[in-house]
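Got a minute to go through some labels? Below are the sequence and the model, and then we can ask what earns each label.

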Amino acid sequence: MKLKLSSQEPIDACIRKAVAPVICYPPNKSIAAPMDDYNLWRQSIELIDEIIVPPREAKIFTVDAGYFFRISCVDGPQVGDLNLWSKNNLNEHFYSGKTRALYGTHLSIGDRLFSCFPYLRPLATITYDTLDWYGYDADGGSVHDVIGTRCDPYTHFLLSADEYHHCCHSNLTRALQKYTALSMEEAEEKIHDVLNVFMCTGFTKDTHQYFMKASPVRQGDFLEFFAEIDLIGGLSACPGGDCGSEHSSDVALCYPLKVEIYKPMQSLVNWQSPAPSSYSRNHRQQC
Ligand SMILES: [Zn+2]
């Protein structure tokens, strides 16, 4: 927070502040998803699996490349914290920071969830969002953010000296440990910053602090993805419920979420999984 002014303002401060902002990563054709194809394929899909994520717990699911998956609100308003990994390599996982830099603070249809370095390729693409009507509200808030990391027991302990074991970080750790048979410590190292599905968040206009408000999600809403590679997903039904009051406790009303896996009924013509980055990884200074 920048609430106090300690330094001397230069005489040309206004001029320096008035320069126009430049979008760091303007829309780029090379990473654009073939949405016409995806929209066609999603018209004929077959439900092949569904997983219920209990309140204040996480579940693991798998999706084959070229399949679709949906995260659905099936009861009261509930936020979900999503992790994604390559099915064949847990070291390749969702990179929320770079995805944010590419698309903005909140994601919707057409945005792609990129993986970490050195892979940096789309893991999944959002193909439908029943909450895209929400846009940005008067507070600057929106849904499906990539700014809020995930609730975790460390920050909670730091701020309250209280131990709580059902934060999304812990839920995802337990779920991945159970699925992979890694040790709890090894599994925890694979947990990463999330896509906050259905969560309504933003930054306050004065102090730019991270805020949350009650999610507008209602029963029947869903966020749909196209799996670009073979994926393992982890979804936690956040202990914050609709995240309209508090998280990291058992205070909020919490509800289950559902993950549905869909197989496309037609062959995906001229489509293949994106390859990992071809950057040489040279990193050397040029002579
Ligand atoms: Zn959470």
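A: Start with a cut-off: a residue is buried if 20 or more other C-beta atoms lie within 10 Å of its own, exposed if 12 or fewer, and partly exposed in between. Keep in mind that this is a predicted model.

Q: What makes both faces of β11 count as covered?
A: Look at each side in turn. Phe222, Glu224 and Phe226 on one side are buried, and so are Leu223, Phe225 and Ala227 on the other. That makes 6 of the 6 residues of β11 buried, so the strand is largely enclosed by the rest of the structure.

Q: How do you know that β7 and β11 pair?
A: Two strands pair if there are at least two bridges between them. β7 (residues 122–129) and β11 (residues 222–227) have 5 bridges, in the antiparallel sense, so by that cut-off they pair. Aspartate 129 sits opposite leucine 223, and isoleucine 126 faces phenylalanine 225.

Q: Which strand has phenylalanine 68 as a bridge partner of one of its residues, and which residue is that?
A: That's β11, where phenylalanine 226 is the partner of phenylalanine 68. Strand β3 (residues 68–73) pairs with β11 over 5 bridges, again antiparallel.

Q: Why are β1 and β6 called edge strands?
A: Read off the order of the open sheet: β1-β13-β3-β11-β7-β6, 6 strands with antiparallel pairing. β1 (45–53) and β6 (112–114) each have a single partner strand, so one side of each is left without a neighbour in the sheet. From one strand to the next, the twist averages 25 degrees.

Q: What makes tryptophan 85 buried?
A: It has 27 other C-beta atoms within 10 Å, and the cut-off is 20 or more, so tryptophan 85 counts as buried. This residue belongs to strand β4 (residues 80–86). Leaving out residues up to four places away in sequence, tryptophan 85 touches Leu90, Glu92, His93, Lys190, Leu231 and Ile232. Its C-alpha atom is also 8.5 Å from that of glycine 234, with the two positions 149 residues apart along the chain.

Q: Which residues have the most contacts inside the largest nonpolar core?
A: Phe69, Ala227 and Leu231, in a core of 62 residues. Take alanine 227: apart from its neighbours within four places in sequence, it is in contact with Val63, Asp64, Ala65, Gly66, Tyr67, Phe69 and Ala124.

Q: How do you know that the span of α5 agrees with what is expected of a helix?
A: Helix α5 (residues 168–180) has 13 residues, and the expected span is 1.5 Å times one less than that number. This gives 18 Å, and the end C-alpha atoms are 18 Å apart, so the two agree.

Q: Which elements do the buried residues of α5 pack against?
A: They pack against β2 (58–63), β4, α4 (153–160), α6 (184–190) and β12 (231–237). Among the buried residues of α5 are Cys168, His169, Leu172 and Leu176. Just past the helix, alanine 181 has a positive phi of about 65 degrees.

Q: Why is leucine 120 called partly exposed?
A: The count here is 17 other C-beta atoms within 10 Å. Buried needs 20 or more and exposed needs 12 or fewer, so leucine 120 falls in between. Leucine 120 is in the loop between β6 and β7, and its phi is near 40 degrees, a positive value in a residue other than glycine.

Q: What makes the peptide bond from phenylalanine 117 to proline 118 cis?
A: Its omega is near 0 degrees. Proline 118 also lies in the loop between β6 and β7.

Q: Is histidine 283 buried or exposed, and what decides that?
A: Exposed: there are 6 C-beta neighbours inside 10 Å, and the limit is 12 or fewer, so the label fits. Histidine 283 is in the segment after β13 (257–264), and it has a positive phi of about 65 degrees although it is not a glycine.

Q: How do you know that β9 and β10 pair?
A: Strand β9 (residues 195–203) and strand β10 (residues 210–213) are joined by 4 bridges and run antiparallel; at least two are needed, so they pair. Cysteine 200 has lysine 213 as its bridge partner in β10. The two strands form a hairpin with 6 residues between them, and histidine 208 in the turn has a positive phi of about 60 degrees.

Methods
Residues numbered from 1 in each chain as written. Predicted model: local features only at pLDDT ≥ 70, side-chain atom pairs only at ≥ 80, totals over all residues. Axes fitted to C-alpha atoms, helices over the stretch in contact; angles between N-to-C directions. Contact = placed C-beta atoms within 7 Å. Core = buried A, V, L, I, M, F, W, Y, C linked by C-beta atoms within 7 Å.
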